Amino acid sequence: MPATRHKTASRSRPLHKVVRRHTLDRVLSKAGFGSRTDARSWIGAGRVTVNGKKVQSPDAWVDPAEDNVRLDGKPITARKKVYLLLYKPKGYLTTHRDPEGRPTVYDLLEGIDAWVVPVGRLDQDTTGLLVLTNDTELGDHLTSPKSKVRKTYLVKASQRLDEDQLNTLRAGMELSDGPTRRAEVTRIRDSEKYTFFEITITEGRNRQVRRMVEALGAKVLKLVRTRIGPIAIGDLEIGKYRLLTSEEVRGLAS
Ligand code: URA
């Protein structure tokens, strides 16, 4: 039987390192082996052991920090960590499979055999930087609102925005899911019909930038994420990915 002890966090541990018990399918998926559906089929097929015993219930509770979980005899902690930076093009979904058959970011990851997952989502029509990794601890850290990771976007608004409107974005505004934090906003230029601006936010709520602009009475015509934390888009080509350097990974984790 899997261990039933529940570990409590020591005070010196950062919050994102607290380990709790999870179901076996989730632990395998979070360890970067595959989706939960994949994990459930491996468990059902008897390929998974916990503390030396075959466990065929995907809902068994395990503590990955305490229990020795193996897939095909190999410990799941031995998985190599992979960190990618993808320049997501327009039209690609940030999901694994789309029932409607639309392209997903996984279609762009040729040559990567690790089970990486996107850190946060970009809308189908948003382009720009997307981090994908099998390091769930880092992923949780980056997506937690508490971490306040800075994300910078270039925005083309559907109309010219005046300074009061940009100040509203800067000050924090009421959205249906609560007030936004303060944002950094820089006007880049105005054309006859549009305003182009840069915005940096420290949250990652669903469609946040689009909803902020909509709350001003305008729409987002183009949205590009150009930075995540210390990582910039650089000369990465659209639709391509590269591995993050260990220095970049350290920068994201801090
Ligand atoms: N904000 C949005 O509105 N969409 C994104 O894809 C990312 C941030």
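Student: How do the residues of the shell around the ligand divide into nonpolar, polar and charged?

Tutor: In this predicted model, the shell divides into four nonpolar, two polar and three charged residues. The residues around the ligand are L122, D123, T126, Y153, R207, Q208, V209, R210 and L223.

Student: What makes a residue such as Y153 count as one of the residues around the ligand?

Tutor: Y153 is listed among the residues around the ligand, and the criterion for that is a heavy atom within 4 Å of the molecule. Helix 5, residues 208–215, gives the most to this shell, with three residues, while at least three residues come from each of domain 2 (83–144 + 232–253) and domain 3 (150–228).

Student: How do you know that R207, Q208 and R210 make polar contacts with the ligand?

Tutor: The cut-off for a pair of N or O atoms is 3.5 Å, and each of the three distances can be set against that value. A backbone N or O atom of R207 lies 3.2 Å from an oxygen atom of the ligand, a polar backbone atom of Q208 is 3.3 Å from a ligand oxygen, and for a backbone N or O atom of R210 the distance to an oxygen atom of the ligand is 2.9 Å. As for cover, the ligand on its own has 240 Å² of accessible area, and the protein covers 97% of that.

Student: What makes helix 5 mostly covered?

Tutor: Six of the eight residues of helix 5 are buried, namely Q208, V209, R210, R211, M212 and V213, and buried here means a relative accessible area under 20%. What covers these residues includes strand 10 (151–157), helix 4 (163–171), strand 11 (174–175), strand 14 (195–201) and strand 15 (220–228). Just after helix 5, G217 takes a positive phi of about 95°.

Student: Why is N134 called buried?

Tutor: The relative accessibility of N134 is 4%, and the limit for a buried residue is under 20%, so N134 counts as buried. N134 lies in the loop between strand 9 (127–133) and helix 3 (136–143), and a polar atom of the N134 side chain is 2.8 Å from the backbone nitrogen of V82.

Student: Why does K81 count as partly exposed?

Tutor: K81 has a relative accessibility of 45%, and because partly exposed covers the range between 20% and 50%, K81 belongs to that class. K81 sits in the loop between strand 6 (74–75) and strand 7 (83–88). Leaving aside its neighbours within four places in sequence, K81 is in contact with N134 and D135, whereas D67, 14 residues away along the chain, has its C-alpha atom 20 Å from that of K81.

Student: Why is D72 called partly exposed, and what is its phi?

Tutor: The relative accessible area of D72 is 43%, and as the partly exposed class runs from the buried limit of 20% to the exposed limit of 50%, D72 is partly exposed. D72 lies in the loop between strand 5 (69–71) and strand 6, and its phi is positive, at about 50°, although D72 is not a glycine.

Student: Why does K148 count as partly exposed, and where is K148 found?

Tutor: At 48% relative accessibility, K148 is not over the 50% that exposed requires, so K148 counts as partly exposed. K148 is found in the loop between helix 3 and strand 10, and its phi is near 50°, a positive value in a residue other than glycine.

Note on methods:
Residues are numbered from 1 along each chain as its sequence is written. This is a predicted model: local features need pLDDT of at least 70, side-chain atom pairs count only at pLDDT 80 or more; totals for chains, interfaces and linings use all residues. Side-chain values use heavy atoms; hydrogens and water are left out. Helices (H or I, at least four residues) and strands (E, at least two) are DSSP runs, numbered from the N terminus. Buried means under 20% relative accessible area, exposed over 50%, partly exposed in between (1.4 Å probe, protein chains only). A polar contact is a pair of N or O atoms within 3.5 Å; within protein, one must be able to donate a hydrogen and the other to accept it, and residues adjacent in sequence count only if both atoms are side-chain atoms. Accessible areas come from the Shrake-Rupley method with a 1.4 Å probe; for residues, only the protein chains shown count as cover. Ala, Val, Leu, Ile, Met, Phe, Trp, Tyr, Cys and Pro count as nonpolar, Asp, Glu, Lys and Arg as charged, and the others, Gly among them, as polar. Domain bounds come from an automatic or database domain assignment. Contact means heavy atoms within 4.5 Å.
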